[in-house]
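Please look through the sequence and the model shown here before reading on. The paragraphs that follow lead through the structure step by step, beginning with one helix and widening from there.

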Amino acid sequence: MKRDSQRREAWRDLCAGLREDDGIDPRRRGRADDDNKPNEARVAGRLCRQVQRAIQLALQGCADAVLRDLFVSDVQPAPDLSRLQVTVAVQATDRKTFEAHAAALSRAHGLLRSQVARAISRKRTPELLFVLEPEAPGAPGTPGTEVRP
């Protein structure tokens, strides 16, 4: 009996005051608050690379020669993984060619998104926001021109 009463007293002492780890799941004890951040960054990077590869392959396989001239230079989450900003470099020699590339990319928006949906393994396909940039500095066209579907 003495042992039981000693245990109860020890438990009462533990339960008497609040400590910094009270209410925390023991499996999560010792982890930082931002423990999931590296994992989220890794998942975002992998998704962006998959999308970049899928769009580049889709552009290369297009029948339209204007679309085959485009190069996907970067894909970034904007602001999260439900929407991705796709930066596309174009070799335009004049303003009219730059606008023709923007119009062709706008027409192919649905096709490119469906190709992305096939290539990635996610429940929902992210929205794609295309940004056209001239490949060479000082080339015609407005840097960072957003293309709307």
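In helix α5 of this predicted model, the buried residues are His-109, Leu-112 and Val-116. Around the helix axis they cover an arc of only 70°, which means that they lie on the same side of α5. A general point about helices helps here: an α-helix has 3.6 residues a turn, so residues three or four places apart point the same way.

With that helix in mind, the whole chain can be set out. The chain contains five helices and four strands, and their order along the sequence follows the pattern α-α-α-β-β-α-α-β-β. Buried residues account for 28% of the 149 residues, while the chain exposes about 10,400 Å², of which carbon and sulfur atoms supply 48%. If one takes the contacts between residues at least 6 apart in sequence, 55% of them join residues that are at least 24 apart.

Which residues touch the most other members of the largest nonpolar core? They are Val-51, Ile-55, Leu-105 and Phe-130, in a core that counts 31 residues. The elements that give two or more residues to this core are α2 (37-60), β1 (71-77), β2 (83-90), α4 (95-107), α5 (109-119) and β3 (127-134), and the largest share, eight residues, comes from α2. As a general tendency, nonpolar side chains in soluble globular proteins are buried together.

Leu-105 gives a view of this core from one of its members. Apart from its neighbours within four places in sequence, Leu-105 is in contact with Leu-67, Leu-70, Val-88, Leu-112, Phe-130, Leu-132 and Val-147. Among these partners is Leu-112, which was named above as one of the buried residues of α5, and another is Phe-130, itself among the core residues that touch the most other members.

Helix α4 can be followed further through two of its residues. His-101 is found in α4 and has a relative accessibility of 3%, so His-101 counts as buried. Leaving aside neighbours within four places in sequence, the contacts of His-101 are Val-66, Asp-69, Leu-70, Val-90 and Leu-132. Leu-70 and Leu-132 thus appear in the list for His-101 and also in the list for Leu-105. Ala-103 also belongs to helix α4, but at 35% relative accessibility Ala-103 counts as partly exposed. The C-alpha atoms of Ala-103 and Val-66 are separated by 9.7 Å, although the two residues are 37 residues apart along the chain.

The strands come next, starting with the pair β1 and β2. These two strands pair in the antiparallel sense over six bridges, and a hairpin of five residues joins β1 to β2. Within this pairing, Val-72 has Val-88 of β2 as its bridge partner, and Val-75 has Val-86 as its bridge partner in β2. Val-88 is also one of the contacts listed for Leu-105. Pro-79 has its place in the loop between β1 and β2, and the peptide bond that joins Ala-78 and Pro-79 is cis, with omega about -5°.

On from the hairpin, how does β2 pair with β3, in the parallel or the antiparallel sense? The two strands pair in the parallel sense, over eight bridges, and Arg-83 stands opposite Glu-127 in β3. Six of the eight residues of β2 are buried, and β2 is therefore largely enclosed by the rest of the structure.

Returning to helix α2, the reader may turn to Arg-53, which has its place there. At 54% relative accessibility, Arg-53 counts as exposed, because the cut-off for that term is over 50%. The C-alpha atoms of Arg-53 and Val-72 are separated by 8.4 Å, and the two residues lie 19 residues apart along the chain. Val-72 is the residue whose bridge partner in β2 is Val-88.

Two cysteines complete the picture. Cys-48 is buried, with a relative accessibility of 7%, and Cys-62 is buried as well, with a relative accessible area of 9%. The structure holds zero disulfides.

Note on methods:
Residues numbered from 1 in each chain as written. Predicted model: local features only at pLDDT ≥ 70, side-chain atom pairs only at ≥ 80, totals over all residues. Heavy atoms only, no water. Buried < 20%, exposed > 50% of the residue type's maximum accessible area, 1.4 Å probe, protein only. Contact = heavy atoms within 4.5 Å. Areas by Shrake-Rupley, 256 points an atom, 1.4 Å probe, with all protein chains shown as cover. Core = buried A, V, L, I, M, F, W, Y, C linked by side-chain atoms within 4.5 Å. Disulfide = S-S within 2.5 Å. Pairing = 2+ DSSP bridges. Arc of directions from axis to C-beta.
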